[in-house]
Each structure stands twice: as C-alpha cells, then as structure tokens.
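Let's take a walk through this structure together, from its overall layout to a few individual residues. Please keep the sequence and the model side by side as you read.

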Amino acid sequence: MLIILKLLIMELEKVFVVSHHHPDGVELSIFKKNESAVAYLKELAGENDFELDDEDYPNEAYSDEGDFVEIRECVIVD
C-alpha cells in the first residue's frame, strides 16, 4: 500500500523514445512530443530506405537487412 501511495505522490513525465536498431548497436533519441518522435522516425526511414508501418502515424520502420526503428512511450519518475 505504501508503494502505491508513493507512486501517486511522485511526478510522472511522459516521453517518447525512438530506438534505431542496427548491426553496430542501438541508438536512442528522447522527445517530449510524439509529433517530434514521428518526424524523426520518418527522417531516419527516408535516410535508410526503411518501410514505414503506417504512412501517417508510424510507430515502426524496417529495412530488408533487419535494421529497424521504433517509437516507445515511456514514463520518467522523479
């Protein structure tokens, strides 16, 4: 019960993380607005010839080589 109460008191901040998975590792970029994350995902997809899962509101993009980019909604707890 104490843990639940403590979580309710803490301030939560939502962010959007764009992760670019490739053979050398994973690159993470953090955005406060989903629109900014989507714009960056589209930019990465265009630069790398990735196929978007949705043209208007993509959450993921993939290449034929197995590389991919995705957006995850995350919460930062202060």
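Following the protein chain along its sequence, you meet its elements in the order α-β-β-α-β-β-β. That gives two helices and five strands. Please bear in mind that this is a predicted model. Of the 78 residues in the chain, 28% count as buried. Among the chain's contacts with a separation of 6 or more, 43% are between residues 24 or more positions apart.

A good place to begin is the interior. Which residues make up the largest nonpolar core? There are 12 of them: F16, V18, A37, V38, L41, L44, A45, F50, L52, A61, V69 and I71. Two or more of these residues come from each of β1, α2 and β5, the last of which spans 68-77. Helix α2 is the biggest contributor to this core, with five residues. One member of the core to click on is A45. Setting aside residues within four places in sequence, A45 is in contact with F50, L52 and A61, and these three partners are also on the list of core residues.

Now let's look for empty space. Searching the whole structure turns up one cavity of 30 Å³ or more, and the volume of the largest cavity is about 30 Å³. To find this cavity on your screen, select V18, H20, E27, S29, Y40 and L44, which form its lining. At least two of the lining residues come from each of β1 (12-22), β2 (25-31) and α2 (34-48). What is the chemical character of the lining? Three of its residues are nonpolar, two are polar and one is charged. Two of the names may look familiar: V18 and L44 line the cavity, and both of them also belong to the largest nonpolar core.

Next, move to S19, which sits in strand β1. Is S19 buried or exposed? S19 counts as buried because its relative accessibility is 6%, under the 20% cut-off. Its side chain makes a polar contact of 3.1 Å with the side chain of H21. Beyond its neighbours within four places in sequence, S19 is in contact with V26, E27 and L28, and also with F68, V69 and E70. Within that set, E27 is one of the residues that line the cavity, while V69 is part of the nonpolar core.

Two aspartates in loops round off the tour. D49 is in the loop that links α2 to β3 (51-52). The phi angle of D49 is near 55°, a positive value in a residue that is not glycine. With a relative accessibility of 67%, over the 50% cut-off, D49 therefore counts as exposed.

D53 belongs to the loop between β3 and β4 (60-62). Its relative accessibility of 43% falls between 20% and 50%, so D53 counts as partly exposed. What does D53 touch, leaving out residues up to four places away in sequence? Its partners are P58, N59 and E60. With N59 there is a polar contact as well: the side chain of D53 reaches the backbone nitrogen of N59 at 3.1 Å. Finally, compare the positions of D53 and E70, which are 17 residues apart in sequence and have their C-alpha atoms 9.9 Å apart in space. You have already met E70 as one of the contacts of S19.

Terms used: Residues numbered from 1 in each chain as written. Predicted model: local features only at pLDDT ≥ 70, side-chain atom pairs only at ≥ 80, totals over all residues. Heavy atoms only, no water. 1 Å grid on protein atoms, 1.4 Å probe; cavity = no way out; pocket = protein on both sides within 12 Å on 5 of 7 lines; lining within 4 Å. Points joined across faces, edges and corners; volume = space filled by probe spheres on them. Helix = DSSP H or I, 4+ residues; strand = E, 2+ residues; numbered from the N terminus. Nonpolar A, V, L, I, M, F, W, Y, C, P; charged D, E, K, R; others polar. Core = buried A, V, L, I, M, F, W, Y, C linked by side-chain atoms within 4.5 Å. Buried < 20%, exposed > 50% of the residue type's maximum accessible area, 1.4 Å probe, protein only. Contact = heavy atoms within 4.5 Å. Polar contact = N/O pair within 3.5 Å; in protein donor to acceptor, adjacent residues only side chain to side chain.
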